[in-house]
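Trainee: Could you take me on a close look at one part of this model, the surroundings of the ligand? I'd love to hear how that part fits with the rest of the chain.

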Amino acid sequence: WPEGTERVDGALRFGGVDVREIAEQHGTPFLLVDETVARARARRIREAFEAAFATEDDAQRVDVYYAGKALLTAEVARWMRAEGLRIDVCSGGELAIALRAGIEPEAIGYHGNNKGERDIEAGVAAGIGTFVLDSPIEAERVAAAAARAGRVQRVRLRISVGVHASTHEFLATSHEDQKFGVPVDEVPALVARIRQLPSLELVGLHTHIGSQIFDASGFAESARRMLALHAELGADAPLEELNLGGGFGIAYTAADRPEPIEQIAASLADAVRSAADELGVPVPRIAIEPGRWIVGPAGVTVYTVGTVKPVRLDAGTRTYVSVDGGMGDNPRPALYGAQYSARIASRVSDAEPMLARVAGHHCESGDIVVDAEWLPADVAPGDLLAVAATGAYCHQLASNYNATPRPPVLAVRDGAVRELVRRESIDDLLARDTGFADTGFAAQ
Ligand code: LLP
């Protein structure tokens, strides 16, 4: 639950606002992001890494890029920038959001394993800070776009460093058999090629081993391997920086116990320093790209309970509590078996707790919001149900499955709620269906 969540008169308050008031004004479901919490976490992770990598000369040694794929709206981009972070985008759409939000192009890094030709051109034309190259073909493509624009584009090269991160298979990104990055043994030849291309300037190497990682030893191992490569390739021409990616895990349920970020930063810094010592190279400027860690815990999704249905099983009874959202606004349980915690938000109850399964309203039995949660046995239609830690990868993964309009993104600060992204309407959905053109509907 976002820090500062409290219960007053039985109802949860987020950022000082009663959840029932927000539901009344905006309807449900909605994603509510506590701006104060998101910004405090952005600051905290930046300061943690700055402190861990600090040296006596006080020079800035760390760049923190906010991974916009976790949650990106114009305001969120501006909050992150205001807290001293840069913005990492991974598509033409995210690039457009960041640029139109007024983020200075130099503060933007652009990722992706198959960036669109036009998106590359847009990034080059805007003068973004770096492209993270993912393959030899892409190196040529970005070089050509930069040459056409008469620019020298700063680039980083993404390495598949061969570390097996202990996380869900779909969230691990640096073992051998996956699509991202360039395998270590192919890196020297590609770096040589990039250095031949006059329209590219190689500023450093990059890796990202996966997401929702708790075990800091994976980060340390990848840092050691990356530093060895950094030293080897920097022998000819120095590389400015080393980007170690994001992936820092958060708590979704009470069973998740992530180490404090300060500790993770310190152990990463130790790994980098001792590898640099062994290799006899200076510690490079370090970049990281956290997304989930910053915004995940700052968000809650609030639904209204619609039906409560006990289903008799051999082993007992399971109560399905169905809400007015589901895999359309949060497909993570269906995609990754993700676990969440939920509470009745609109009242307190002294009824016995029962083990319930919170389901969505979509036409699919895998449409689960929370697989198993203790809810009061008197949970009833009309109750508001809040699900914690939905700030990252929910709004961005949301779909219109079953022609369901996507919920709004609301922000709360100092007791006031405002809309960052408005609720989608049925008209929004129908507007793209050209079959309504004859009826005049699409023009409305
Ligand atoms: N950098 C790169 C290159 C990435 O690919 C990602 C995430 C990040 C940084 C940020 O990772 P974070 O700090 O947020 O873990 N949809 C999945 C997560 C996919 C992550 C993709 N890349 C989920 O809902 O769990």
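Mentor: Happy to, and let's begin at a residue on the outside: Asp 414 is exposed, because just 9 other C-beta atoms lie within 10 Å, and 12 or fewer is the cut-off for that label. Please keep in mind throughout that this is a predicted model. Asp 414 sits in the loop between S20 and strand S21 (416–421). Its backbone deserves a look too, since phi of Asp 414 is near 45°, a positive value in a residue other than glycine. As a rule, most residues other than glycine have a negative phi.

Now go to the other end of strand S20 (409–413), where the loop from strand S19 (384–388) holds Tyr 393. Tyr 393 also has a positive phi, about 60°, and is not a glycine. Its setting is another matter: Tyr 393 counts as buried because it has 25 C-beta neighbours inside 10 Å, and the threshold for buried is 20 or more.

Tyr 393 brings us to the ligand. There are 22 residues around the ligand, and those that come nearest are Ala 67, Ser 211, Gly 246, Gly 291 and Tyr 393. Helix H10 (292–295) and helix H11 (332–336) are the elements that each give two or more residues to this shell. By class, the shell has nine nonpolar, nine polar and four charged residues.

How does that shell relate to the domains? The assignment divides the chain into domain 1 (6–33 + 297–434) and domain 2 (35–295), and each of them supplies at least three residues of the shell around the ligand. The centres of the two domains, taken over C-alpha atoms, are 33 Å apart. Where the domains touch, 23 residues of domain 1 are in contact with 23 residues of domain 2. On the domain 1 side, H11, S20 and S21 each give two or more residues, and S20 gives the most, with four. So helix H11 turns up twice, in the shell around the ligand and on the side of domain 1 that touches domain 2. That side is made up of 15 nonpolar, seven polar and one charged residues.

One last stop, back towards the start of the chain: a cis peptide bond joins Thr 28 and Pro 29, with omega at about -10°. In general, most peptide bonds are trans. You will find Pro 29 in the loop between helix H1 (19–26) and strand S4 (30–34).

Notes: Residues are numbered from 1 along each chain as its sequence is written. This is a predicted model: local features need pLDDT of at least 70, side-chain atom pairs count only at pLDDT 80 or more; totals for chains, interfaces and linings use all residues. A residue is near a molecule or strand if its C-beta atom, placed from the backbone, lies within 6 Å of it. Ala, Val, Leu, Ile, Met, Phe, Trp, Tyr, Cys and Pro count as nonpolar, Asp, Glu, Lys and Arg as charged, and the others, Gly among them, as polar. Domain bounds come from an automatic or database domain assignment. Two residues are in contact if their C-beta atoms, placed from the backbone, lie within 7 Å.
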